[in-house]
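Student: Could you take me through one part of this model in detail, in a single connected answer? I would like to know what it packs against, and I'd be glad to have the cut-offs as we go.

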Amino acid sequence: MPELPEVETIRRGLNKFILNKKVSSVKILCDKSFIGPKEAILGQKIINIRRFGKALIFDFENGVSMMVHLRMTGQLIFRASGEESGRNYLEMIEAGDFKTTLYTEKSFAGGHPNESFYSELPNKQTRVLFEIYEEDGADSGTSQAIGTLYFNDQRKFGFCKVIETSEVESDSFIKKLAKEPWVMSVEEFKKNLMRHKNAEIKPTILDQSVVAGLGNIYADEALYMTKIHPERLTSSLSDTEIAELLEAAGVVMQRSIDSGGSTMATYVKADGTKGNYLEKFAQVFRREGEPCNRCGAEIIKLKVAGRGTHICPNCQKKF
DNA sequence: CTAGGATCCTGTCAGC
DNA sequence: TGCTGACAGGATCCTA
């Protein structure tokens with residue numbers, strides 16, 4: 001799933017297309033994917049798009065908000081009116097003419113990277129469609145369709161949920177979310193870690209109430225950066241390692257935000273071929289069998305707390 | 001309270 | 001080709 005950097009990239013991307021625009025219709029194709037009354041957001045202007053950890057919050061002018069969590073396979077894709085088929089993108093990609101201007105002008109896609117970013121929508125993974133429009137002028141009273149926002153989610157773990165804006169911070173997920181690494185003190189991080197002192201360090205830092213934003217990729221990358229074996233018990237970390245781990249968590253995620261997360265612009269390479277945005281920064285994630293960039297040893301994959309986990313067995317020792 | 005496993009769901013891929 | 005099991009960028013629920 002999209003981790004914090006991808007969600008932040010989506011937030012910034014959608015700001016350009018739908019901030020201060022209104023929702024004319026909500027079409028729900030999968031009941032499980034939409035919680036709460038859709039009527040509450042019809043005709044309402046989106047006045048703010050916020051992010052808490054991996055959760056996005058759309059605030060509407062009537063005091064209602066919509067929380068979107070993409071979980072493992074969620075995507076948010078905006079297509080301008082007339083661009084629904086995605087055919088234009090595909091032609092450009094096939095012609096080797098793909099440029100990021102495509103996404104800045106007509107479309108934006110973020111989240112779990114797959115061909116839905118540029119193929120025809122809606123498709124069988126589309127769960128909710130939001131039609132977006134804007135008023136032409138203050139006094140004209142006419143409105144114009146802008147485009148469609150698609151919530152896609154192959155595995156249906158994600159959701160859109162309508163709640164009161166005043167209730168956002170007391171939502172069960174938001175309420176227990178810890179701070180993000182760049183605003184958390186080492187002392188607070190250590191205190192949160194030590195609630196799980198008998199657990200392995202990797203699942204501990206995946207716990208969003210310990211530190212917000214890390215998922216399976218950035219957890220592996222942060223542990224690699226600090227040379228900590230993911231199966232070490234949390235209680236075995238020194239104060240120095242704790243401080244370095246917090247720093248690394250911030251660095252790996254900030255670096256990914258700066259490079260655009262897993263958007264269409266990075267999923268599809270400039271030459272039009274299907275790309276892997278992980279290539280740009282991943283040192284261990286999905287690099288099993290390849291050499292460690294620090295020592296040359298072969299990266300291996302193991303299973304830790306039920307999750308695929310990538311380490312350099314030479315740099316990251318268990319004892 | 002924590003630790004660890006099962007679970008939600010769809011799709012893909014490796015190995016018969 | 002068809003089948004089967006493992007696995008997947010997350011979080012919650014259940015049990016001990």
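**Helix 7 and its surroundings**

Tutor: Happy to! Helix 7 and helix 8 cross in a right-handed way (the near helix is turned clockwise from the far one by less than a right angle; anticlockwise would be left-handed). The model is predicted, so local features need pLDDT of at least 70 and side-chain atom pairs 80 or more, while totals for chains, interfaces and linings use all residues. Residues count from 1 along each chain as written, and chains are lettered from A and ligands numbered from 1 in the order written.

The two helices, residues 216-225 and 239-258, pack with their axes 9 Å apart and at an angle of about 130 degrees. Helix 7 is therefore oblique to helix 8 (outside under 35, 65 to 115 and over 145 degrees). From helix 7, Tyr218, Glu221, Ala222 and Met225 take part, and they meet Leu245, Ala248, Ala249, Val252 and Met253 of helix 8 (contact: C-beta atoms, placed from the backbone, within 7 Å). By class, this contact has eight nonpolar residues, no polar ones and one charged.

Helix 7 is mostly covered, with nine of its ten residues buried (20 or more other C-beta atoms within 10 Å; exposed is 12 or fewer, partly exposed in between). Among the buried residues, Tyr218, Glu221, Ala222 and Met225 appear again, and they are joined by Ile217, Ala219, Asp220, Leu223 and Tyr224. The cover over these buried residues includes helix 6 (201-206), helix 8 and strand 12 (307-311). Beyond the end of helix 7 comes Lys227, with a positive phi near 60 degrees.

For the wider setting, chain A holds nine helices and twelve strands (DSSP runs, H or I of at least four residues and E of at least two). Of its 319 residues, 42% are buried. Taking contacts between residues at least 6 apart in sequence, 70% join residues at least 24 apart.

A residue elsewhere in the chain makes a nice companion to this: Ile49, in strand 3 (residues 46-52). Ile49 counts as partly exposed because it has 19 C-beta neighbours inside 10 Å. Leaving aside residues up to four places away in sequence, Ile49 touches Arg11, Leu14, Asn15, Leu19, Leu56 and Phe58. Leu14 is 35 residues from Ile49 along the chain, yet their C-alpha atoms are separated by 8.2 Å.

Key: Axes are lines fitted to C-alpha atoms, for helices over the stretch in contact, and angles run from 0 to 180 degrees between N-to-C directions. Two residues are in contact if their C-beta atoms, placed from the backbone, lie within 7 Å. Ala, Val, Leu, Ile, Met, Phe, Trp, Tyr, Cys and Pro count as nonpolar, Asp, Glu, Lys and Arg as charged, and the others, Gly among them, as polar.
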